[in-house]
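Q: Could you take a close look at the surroundings of the ligand, and then follow the chain outwards into the packing of the helices? I would like one connected account, with the cut-offs behind each term.

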Amino acid sequence: MSEYQGVLHRYGHLLHLPPHTRPVTLLEGNTPLIPVLRLAEHLGGGFELYVKYEGLNPTGSFKDRGMTAAISEAVGRGARAVICASTGNTAASAAAYAARAGLRPIVLIPQGKVAAGKLAGAVAYGALVIQVEGSFDDALQMVVEISEKHPICLVNSLNPYRIEGQKTAAFEICDRLGAAPDWLCLPVGNAGNITAYWAGFRQYDFLRGIGLPRLLGVQAAGAAPLVLGHPVDHPETIATAIRIGRPARGEQALQAAEESGGRIIAVTDEEILTMQRQLAALEGIWVEPASAAGLAGLAHEIAAGRLNVRGRRVVAVCTGHGLKDPDIITGQIGSPLVISPRVEILEGVLFQ
Ligand SMILES: *Cc1c(COP(=O)(O)O)cnc(C)c1O
């Protein structure tokens, strides 16, 4: 088998990218689909559950799949600078791929609302990072306007090539399982990812007849415009990656969920944090809070008797790595116990 060369090399023939596209890759994609038996038992058992662990992409989130496509198109077109608004992961990804391509990355983030690991990433990759006294939605509006006026390429998921690249996760799941799963659960923020998955599954089903999943999209209760049916002016949630009140692709997300026979629901921050802990403690998979939302939604629906998974195959997308947001854990537990360096004391702690 030839060496893995990234999602454009593997699936480029299925993506709608212009001929001038010049691949820029960090060998993103090809992430593991991990069976999580203990968690499935914990949720009642009797079904197959897998985690698509997108935190193992090069910059720690699924954003790399879309970014390789967007940056490859931009550099082929002769762009010199790229810009995005970000809750953090898009910023880190854009900065890394821009660095790889020799482009100038500019990122706008909501002040004080970006997790430490994401901000550090964007800075480390050399982005010009600007904090906006406002929400992600305010920042997005600014970068859309500036990219219309100046020769700076927009790489938010309004950029259609981002969606093309993100379809590859759906292809990978189907290739691995030999069919589409019965349900796909995933967090929904700006709604690019759910839009991309649905497009990917539909394309693969059209080409290969592998079936379609039902989609369970999950928002945080404090940032749930698609559940409430109206924009949220001041979105709040500890899951900062989905702290979005006006999703750019909200209509498409609602349509995708409906077409699939699924739905979009909301879960509380507490449910998200509980699932984050369970996934780490039961399976050894540590994801950032937003990434646990899909599974939290699954647990919520099963507990409420609204989702019968018996005999079914369910895939939950875990979108970003736990290391992105370490403060959320240390903030909950404080510092670990401190003892003096004597084995009797350790024995006392362990065996009393
Ligand atoms: C971007 C992101 C999301 C939300 O994806 P959308 O395409 O905006 O709906 C969820 N989780 C993580 C970790 C993300 O980085």
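A: The account below begins at the ligand and then moves to three pairs of helices.

This is a predicted model, in which local features need pLDDT of at least 70 and side-chain atom pairs count only at pLDDT 80 or more, while totals for chains, interfaces and linings use all residues. Residues are numbered from 1 along each chain as its sequence is written, and side-chain values use heavy atoms, with hydrogens and water left out.

Around the ligand there are 17 residues, of which Lys63, Asn89, Asn190, Asn193 and Thr319 come nearest (near meaning a heavy atom within 4 Å). Among the polar contacts (pairs of N or O atoms within 3.5 Å), a polar side-chain atom of Thr319 lies 2.7 Å from a nitrogen atom of the ligand. Backbone atoms take part as well: an N or O atom of Ala191 lies 2.8 Å from a ligand oxygen, and one of Gly192 lies 3.1 Å from a ligand oxygen.

Asn89, listed above at the ligand, also belongs to helix 4 (residues 89–101), whose axis comes within 8 Å of that of helix 5 (residues 116–124) and crosses it at roughly 20°. Helices here are DSSP runs of H or I with at least four residues, numbered from the N terminus, and axes are lines fitted to C-alpha atoms over the stretch in contact, with angles from 0 to 180 degrees between N-to-C directions. Helix 4 and helix 5 are therefore roughly parallel (under 35 degrees; over 145 is roughly antiparallel, 65 to 115 roughly perpendicular, and the rest oblique). The contact (heavy atoms within 4.5 Å) joins Asn89, Ala91, Ala92 and Ala95 of helix 4 to Lys118, Gly121 and Ala122 of helix 5.

Gly192, seen above at the ligand, falls within helix 9 (residues 192–208), which packs on helix 11 (residues 250–260) at an angle of about 45° with the axes 9 Å apart. Helix 9 and helix 11 are therefore oblique to each other. Ile194, Thr195, Trp198 and Arg202 of helix 9 meet Gln252, Ala253, Ala256, Glu259 and Ser260 of helix 11.

In a further pair, helix 12 (residues 269–283) and helix 13 (residues 293–303) have axes that come within 8 Å and cross at roughly 105°, and these two helices are therefore roughly perpendicular. Their contact is made by Glu271, Ile272, Met275 and Leu279 of helix 12 with Ala293, Leu295, Ala296, Ala299 and His300 of helix 13.

Definitions and conventions. Polar contact = N/O pair within 3.5 Å; in protein donor to acceptor, adjacent residues only side chain to side chain.
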